[in-house]
Amino acid sequence: SRTTFISLTKMGPEYYRSVGSCMQGIDIRVGDEKTGTPVKSGEVGEVIIRGPNLSPGYWRNQEMTDQVFRDSPQGIEFRTGDCGIIDESGNLFITGRMNDLVNVGGYKVNPVEVENVIAQTAGIEDVVVVGMFGWKGISSESLICLYVADEVIDPVTIISNCSLKLEHYKVPKEVIRVNSIPRTNTGKVKRFEAAQSIKNLGTTL
(Lines give C-alpha, C1' and ligand atoms only; values in the text may rest on other atoms or scores of the structure.)
Protein backbone atom coordinates (compact mmCIF):
# COMPACT_ATOMS: atom_id res chain seq x y z
CA SER A 1 0.00 0.00 0.00
CA ARG A 2 1.22 3.48 -0.77
CA THR A 3 0.14 4.50 2.73
CA THR A 4 2.76 2.10 4.05
CA PHE A 5 5.75 2.11 1.72
CA ILE A 6 7.86 4.53 -0.28
CA SER A 7 8.76 3.41 -3.82
CA LEU A 8 12.47 2.80 -4.33
CA THR A 9 12.53 2.38 -8.10
CA LYS A 10 14.92 5.35 -8.46
CA MET A 11 17.56 3.47 -6.45
CA GLY A 12 18.43 1.14 -9.31
CA PRO A 13 17.52 -2.22 -10.86
CA GLU A 14 18.40 -4.21 -7.73
CA TYR A 15 15.41 -2.58 -6.01
CA TYR A 16 12.84 -2.97 -8.80
CA ARG A 17 11.38 -6.01 -7.05
CA SER A 18 11.39 -4.33 -3.65
CA VAL A 19 8.14 -3.09 -2.13
CA GLY A 20 10.12 -0.20 -0.70
CA SER A 21 11.06 1.13 2.70
CA CYS A 22 8.74 1.86 5.58
CA MET A 23 7.17 5.32 5.77
CA GLN A 24 7.71 7.44 8.87
CA GLY A 25 5.37 6.43 11.70
CA ILE A 26 4.80 2.93 10.30
CA ASP A 27 6.44 -0.16 11.78
CA ILE A 28 7.14 -3.10 9.49
CA ARG A 29 8.90 -6.25 10.56
CA VAL A 30 9.42 -9.75 9.22
CA GLY A 31 8.56 -12.13 12.02
CA ASP A 32 8.38 -15.77 12.93
CA GLU A 33 5.05 -17.19 11.72
CA LYS A 34 4.11 -18.54 15.16
CA THR A 35 5.44 -15.96 17.61
CA GLY A 36 5.83 -12.87 15.43
CA THR A 37 9.34 -12.42 16.86
CA PRO A 38 11.59 -10.60 14.33
CA VAL A 39 13.79 -12.89 12.26
CA LYS A 40 17.35 -12.02 11.29
CA SER A 41 18.05 -9.62 8.43
CA GLY A 42 17.79 -11.48 5.13
CA GLU A 43 15.72 -14.35 6.56
CA VAL A 44 12.22 -15.13 5.31
CA GLY A 45 9.31 -14.52 7.65
CA GLU A 46 5.79 -13.13 7.77
CA VAL A 47 5.33 -9.43 7.03
CA ILE A 48 3.72 -7.74 10.04
CA ILE A 49 2.52 -4.11 9.96
CA ARG A 50 1.71 -1.69 12.78
CA GLY A 51 0.73 1.97 12.47
CA PRO A 52 -2.01 4.62 12.53
CA ASN A 53 -2.97 3.73 8.95
CA LEU A 54 -4.33 0.33 9.98
CA SER A 55 -7.99 -0.56 10.16
CA PRO A 56 -8.99 -2.05 13.54
CA GLY A 57 -10.26 -5.13 11.70
CA TYR A 58 -12.50 -6.50 8.96
CA TRP A 59 -15.97 -4.98 8.65
CA ARG A 60 -18.52 -7.18 10.41
CA ASN A 61 -16.24 -10.22 10.30
CA GLN A 62 -14.86 -10.89 13.77
CA GLU A 63 -13.57 -14.35 12.83
CA MET A 64 -11.24 -13.01 10.12
CA THR A 65 -10.27 -10.08 12.35
CA ASP A 66 -9.20 -12.44 15.13
CA GLN A 67 -7.07 -14.41 12.67
CA VAL A 68 -4.86 -11.60 11.42
CA PHE A 69 -5.23 -8.55 13.71
CA ARG A 70 -3.41 -8.77 17.04
CA ASP A 71 -3.15 -6.42 20.01
CA SER A 72 0.35 -5.50 21.14
CA PRO A 73 1.72 -3.06 23.75
CA GLN A 74 2.56 -0.71 20.85
CA GLY A 75 -0.84 -0.97 19.16
CA ILE A 76 -2.79 -3.14 16.73
CA GLU A 77 -0.72 -5.31 14.39
CA PHE A 78 -1.77 -6.76 11.04
CA ARG A 79 -0.30 -10.12 10.06
CA THR A 80 -0.42 -9.87 6.29
CA GLY A 81 0.13 -13.53 5.41
CA ASP A 82 2.87 -12.43 3.02
CA CYS A 83 6.37 -13.90 3.12
CA GLY A 84 9.10 -11.32 2.96
CA ILE A 85 12.72 -10.41 3.50
CA ILE A 86 14.00 -7.10 4.85
CA ASP A 87 17.57 -6.35 3.81
CA GLU A 88 20.17 -4.51 5.88
CA SER A 89 19.00 -1.18 4.44
CA GLY A 90 15.41 -1.79 5.54
CA ASN A 91 14.03 -2.58 2.09
CA LEU A 92 11.22 -5.13 1.97
CA PHE A 93 11.02 -7.83 -0.70
CA ILE A 94 7.85 -9.95 -0.92
CA THR A 95 8.71 -13.58 -1.67
CA GLY A 96 5.30 -15.28 -1.58
CA ARG A 97 2.43 -16.24 0.72
CA MET A 98 2.82 -18.00 4.07
CA ASN A 99 0.22 -20.63 3.16
CA ASP A 100 2.30 -21.54 0.10
CA LEU A 101 5.31 -22.56 2.20
CA VAL A 102 6.13 -26.26 2.28
CA ASN A 103 7.41 -27.96 5.43
CA VAL A 104 10.10 -30.41 4.31
CA GLY A 105 11.47 -32.30 7.28
CA GLY A 106 11.12 -29.24 9.50
CA TYR A 107 12.56 -26.83 6.92
CA LYS A 108 10.28 -24.18 5.44
CA VAL A 109 10.60 -23.98 1.65
CA ASN A 110 9.20 -21.27 -0.59
CA PRO A 111 8.17 -23.14 -3.77
CA VAL A 112 8.66 -19.98 -5.85
CA GLU A 113 12.39 -20.12 -5.14
CA VAL A 114 12.54 -23.68 -6.48
CA GLU A 115 10.37 -22.79 -9.48
CA ASN A 116 12.70 -19.93 -10.40
CA VAL A 117 15.64 -22.32 -10.54
CA ILE A 118 13.79 -24.96 -12.54
CA ALA A 119 12.49 -22.35 -14.99
CA GLN A 120 16.10 -21.72 -16.05
CA THR A 121 16.35 -25.26 -17.47
CA ALA A 122 16.46 -25.21 -21.26
CA GLY A 123 13.16 -26.22 -22.88
CA ILE A 124 10.89 -25.61 -19.87
CA GLU A 125 7.95 -23.34 -20.71
CA ASP A 126 6.11 -23.37 -17.38
CA VAL A 127 6.59 -24.92 -13.93
CA VAL A 128 4.93 -25.27 -10.54
CA VAL A 129 6.26 -26.87 -7.36
CA VAL A 130 3.93 -28.01 -4.57
CA GLY A 131 4.22 -29.94 -1.33
CA MET A 132 2.60 -33.35 -1.00
CA PHE A 133 2.03 -35.36 2.20
CA GLY A 134 2.65 -39.08 2.06
CA TRP A 135 4.05 -39.10 -1.48
CA LYS A 136 5.06 -42.71 -2.25
CA GLY A 137 5.17 -43.61 1.43
CA ILE A 138 7.19 -40.61 2.65
CA SER A 139 5.71 -39.53 5.98
CA SER A 140 6.48 -35.80 5.68
CA GLU A 141 5.85 -33.32 2.87
CA SER A 142 7.75 -33.82 -0.38
CA LEU A 143 8.38 -31.29 -3.13
CA ILE A 144 6.88 -32.35 -6.45
CA CYS A 145 7.52 -30.47 -9.69
CA LEU A 146 5.15 -30.22 -12.65
CA TYR A 147 6.58 -28.73 -15.81
CA VAL A 148 5.46 -27.93 -19.34
CA ALA A 149 7.78 -28.52 -22.31
CA ASP A 150 7.55 -29.56 -25.94
CA GLU A 151 9.63 -32.63 -25.21
CA VAL A 152 10.31 -34.75 -22.14
CA ILE A 153 13.30 -33.46 -20.19
CA ASP A 154 15.43 -35.94 -18.28
CA PRO A 155 14.41 -35.55 -14.61
CA VAL A 156 18.07 -36.00 -13.64
CA THR A 157 18.88 -32.76 -15.48
CA ILE A 158 16.27 -30.79 -13.55
CA ILE A 159 17.14 -32.33 -10.19
CA SER A 160 20.88 -31.84 -10.78
CA ASN A 161 20.35 -28.16 -11.56
CA CYS A 162 18.41 -27.79 -8.32
CA SER A 163 21.11 -29.61 -6.35
CA LEU A 164 23.75 -27.20 -7.65
CA LYS A 165 21.83 -24.05 -6.72
CA LEU A 166 19.64 -25.00 -3.74
CA GLU A 167 19.93 -26.63 -0.34
CA HIS A 168 19.27 -30.39 -0.41
CA TYR A 169 15.82 -30.11 1.20
CA LYS A 170 14.67 -27.76 -1.59
CA VAL A 171 15.32 -30.33 -4.32
CA PRO A 172 12.11 -31.95 -5.70
CA LYS A 173 11.57 -35.64 -5.07
CA GLU A 174 9.70 -36.08 -8.33
CA VAL A 175 9.58 -34.27 -11.68
CA ILE A 176 6.53 -34.77 -13.91
CA ARG A 177 5.80 -33.41 -17.37
CA VAL A 178 2.23 -32.18 -17.96
CA ASN A 179 0.36 -30.43 -20.75
CA SER A 180 -0.43 -27.29 -18.76
CA ILE A 181 -0.17 -25.63 -15.36
CA PRO A 182 -3.49 -24.47 -13.83
CA ARG A 183 -3.52 -20.67 -13.62
CA THR A 184 -6.03 -17.88 -13.04
CA ASN A 185 -6.95 -15.37 -15.73
CA THR A 186 -4.27 -13.07 -14.30
CA GLY A 187 -1.60 -15.77 -14.53
CA LYS A 188 -1.41 -16.76 -10.87
CA VAL A 189 -0.73 -20.44 -10.25
CA LYS A 190 -3.66 -22.41 -8.79
CA ARG A 191 -1.56 -24.43 -6.36
CA PHE A 192 -4.49 -26.35 -4.90
CA GLU A 193 -5.56 -27.54 -8.36
CA ALA A 194 -1.95 -28.42 -9.17
CA ALA A 195 -1.73 -30.50 -5.99
CA GLN A 196 -5.00 -32.25 -6.82
CA SER A 197 -3.72 -33.13 -10.28
CA ILE A 198 -0.58 -34.59 -8.70
CA LYS A 199 -2.71 -36.75 -6.40
CA ASN A 200 -4.52 -38.09 -9.45
CA LEU A 201 -1.22 -38.74 -11.22
CA GLY A 202 0.13 -40.52 -8.14
CA THR A 203 -2.20 -43.45 -8.70
CA THR A 204 -0.66 -44.12 -12.11
CA LEU A 205 3.03 -43.40 -11.48
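**Largest pocket and selected residues of a predicted model**

About 700 Å³ of space lies in the largest pocket of the protein chain, whose structure is a predicted model. The lining of this pocket comprises 26 residues, and those closest to its centre are Val-44, Gly-45, Ile-85, Thr-95 and Asn-110. Two or more lining residues come from each of strand S4 (45–50), strand S7 (91–97), strand S9 (107–109) and helix H2 (111–118). The greatest contribution is that of S7, which supplies 4 residues to the lining.

With respect to overall architecture, the protein chain contains 4 helices and 12 strands. Along the principal axes, its C-alpha atoms occupy a box of roughly 55 × 40 × 35 Å. The chain has 205 residues, of which 40% are classed as buried. Among contacts with a separation of 6 or more, 53% are made by residues 24 or more positions apart. The accessible surface of the chain amounts to about 12,300 Å², and carbon and sulfur atoms account for 51% of this area. The chain carries 22 positive and 25 negative charges, and the mean positions of the two sets are separated by 3 Å.

Glu-43 is located in the loop between strand S3 (27–31) and S4. Its relative accessibility of 38% places Glu-43 in the partly exposed class, because that class covers values that are neither under 20% nor over 50%. When residues up to four places away in sequence are disregarded, Glu-43 touches Val-30, Gly-84 and Ile-85. One of these partners, Ile-85, is also listed among the residues closest to the centre of the largest pocket. Between Glu-43 and Gly-31, which are 12 residues apart in sequence, the C-alpha to C-alpha distance is 9.3 Å.

The loop between S4 and H1 holds Ser-55 and Arg-60. Ser-55 has a relative accessible area of 35% and is therefore partly exposed. Its C-alpha atom is separated by 8.8 Å from that of Ile-76, a residue 21 positions away along the chain. Arg-60, in contrast, has a relative accessible area of 75%, so it is classed as exposed, the threshold for which is over 50%. The backbone of Arg-60 has a phi angle near 55°, which is a positive value in a residue other than glycine.

Helix H1 spans residues 62–68 and includes Thr-65. With a relative accessible area of 9%, Thr-65 is buried, since this value falls under 20%. Apart from neighbours within four places in sequence, Thr-65 is in contact with Pro-56, Gly-57 and Tyr-58.

Two residues of strand S11 were also examined. The strand extends over residues 141–149 and contains Ser-142, and Glu-141 is likewise found in S11. Glu-141 counts as buried because its relative accessibility, 12%, is under the limit of 20%. Ser-142 is also buried, with a relative accessibility of 1%. Outside the residues up to four places away in sequence, Glu-141 touches Val-102, Asn-103, Val-104, Gly-131, Met-132 and Phe-133. For Ser-142, with neighbours within four places left aside, the contacts are Val-130, Gly-131, Met-132, Trp-135 and Lys-173. Gly-131 and Met-132 thus appear in the contact lists of both Glu-141 and Ser-142. Glu-141 and Phe-192 lie 51 residues apart in sequence, and their C-alpha atoms are 15 Å apart in space.

Terms used:
Residues numbered from 1 in each chain as written. Predicted model: local features only at pLDDT ≥ 70, side-chain atom pairs only at ≥ 80, totals over all residues. Heavy atoms only, no water. Buried < 20%, exposed > 50% of the residue type's maximum accessible area, 1.4 Å probe, protein only. Contact = heavy atoms within 4.5 Å. Areas by Shrake-Rupley, 256 points an atom, 1.4 Å probe, with all protein chains shown as cover. Lys, Arg positive; Asp, Glu negative; His and termini not counted. Charge placed at Lys NZ, Arg CZ, Asp CG, Glu CD. 1 Å grid on protein atoms, 1.4 Å probe; cavity = no way out; pocket = protein on both sides within 12 Å on 5 of 7 lines; lining within 4 Å. Points joined across faces, edges and corners; volume = space filled by probe spheres on them.
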